[in-house]
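Student: Could you take me through one part of this structure in detail? I would like a connected account rather than a list.

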Amino acid sequence: MKRVLLGLGSNKSFSNKAPLQLLAGAVEELNRVLVKAKISSVYRTRAMYVENQDDFYNMTALGFVADEMTPQGLLQITQKIEAEFGRDRSKEIRFGPRPLDIDIELFGDEKINSPDLEIPHPRVKERAFVLVPALEILDEYSDKSIRDEFKSSLSSLDLSDIEKLGKLDLLLENQAVRNGSKSEF
């Protein structure tokens, strides 16, 4: 089994589903691929790079994939999930609003630098919205060197724009109570 770390984000509704519902749907789909998945809390952060857009809801997922799974195979799966939840790369602005974004941050110890995939993710160390939720769930599955590397990267970043909202299931439950109905994925 190979350990993988995925970063998930959403800041745009799709098909009458709010970003939190899209993240929940993506997590449900990822649970079919990841073994022993561990899901972080959800964090609200201001958008990076293209700042004139709604805040993002971000989280990470950590788990294992079968040895025969390749990084490119996982990329195909994550891009299929993104498309299922409304992402159309042909119509979006790079770093702009999107209903769902799933990045492969780590895939075992592999290092890949191809036109369609870079692992470790090339911007992971500049993204508090990945590092903070990753550190929340890396304790159980990760070795000390990755945690130390992420903590070191995080120490030089501005954390004022990242707000922990809580666990996704509880956020959806509270949202459903406020809306007077059960939330659907």
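Student: Where does Arg-87 lie?

Tutor: Happy to take a look with you, keeping in mind that this is a predicted model. Arg-87 sits in the loop between α2 and β5. Let us start with the helix before that loop and work towards the arginine.

Helix α2 covers residues 71-84. From its first C-alpha to its last, α2 reaches 20 Å over 14 residues, close to the 20 Å expected at 1.5 Å a residue. Several of its residues are buried, namely Pro-71, Gly-73, Leu-74, Leu-75, Thr-78, Ile-81 and Glu-82. These buried residues of α2 pack against the strands β1 (2-10), β5 (101-107), β6 (112-114) and β7 (117-119), and against helix α1.

That last partner deserves a closer look. Helix α1 spans residues 19-30, and its 12 residues reach 16 Å from first C-alpha to last, close to the 16 Å expected at 1.5 Å a residue. α1 is mostly covered, with 11 of its 12 residues buried; among them are Leu-22, Leu-23, Ala-26, Glu-29 and Leu-30. Two packed helices are described by the angle between their axes and the distance between the axes. For α1 and α2 the angle is about 145° and the axes are 10 Å apart, and α1 passes α2 in a right-handed crossing. On the α1 side, Ala-26, Glu-29 and Leu-30 make the contact, and they meet Thr-78, Ile-81 and Glu-84 of α2. The residues of this contact divide into 3 nonpolar, 1 polar and 2 charged. Of the α2 residues in this contact, Thr-78 and Ile-81 also appear among the buried residues of the helix.

Now let us follow the chain out of α2. The helix is followed by Gly-86, whose phi is positive, near 100°. Then comes Arg-87, in the loop that leads to β5. Is this loop arginine buried or exposed? Its relative accessible area is 11%, so Arg-87 counts as buried, the cut-off being under 20%.

Its side chain has two acidic partners to explore. One polar contact, of 2.5 Å, joins the side chains of Arg-87 and Glu-92. Another, of 2.6 Å, joins the side chain of Arg-87 to that of Asp-101. Leaving aside residues up to four places away in sequence, Arg-87 touches Glu-82, Glu-92, Arg-98, Pro-99, Leu-100 and Asp-101. Two of these names link back to the elements on either side of the loop: Glu-82 is a buried residue of α2, and Asp-101 belongs to β5 (101-107).

How values were computed. Residues numbered from 1 in each chain as written. Predicted model: local features only at pLDDT ≥ 70, side-chain atom pairs only at ≥ 80, totals over all residues. Heavy atoms only, no water. Axes fitted to C-alpha atoms, helices over the stretch in contact; angles between N-to-C directions. Helix = DSSP H or I, 4+ residues; strand = E, 2+ residues; numbered from the N terminus. Left-handed = near helix turned anticlockwise from the far one by under 90°. Contact = heavy atoms within 4.5 Å. Nonpolar A, V, L, I, M, F, W, Y, C, P; charged D, E, K, R; others polar. Expected span 1.5 Å × (residues − 1). Buried < 20%, exposed > 50% of the residue type's maximum accessible area, 1.4 Å probe, protein only. Polar contact = N/O pair within 3.5 Å; in protein donor to acceptor, adjacent residues only side chain to side chain.
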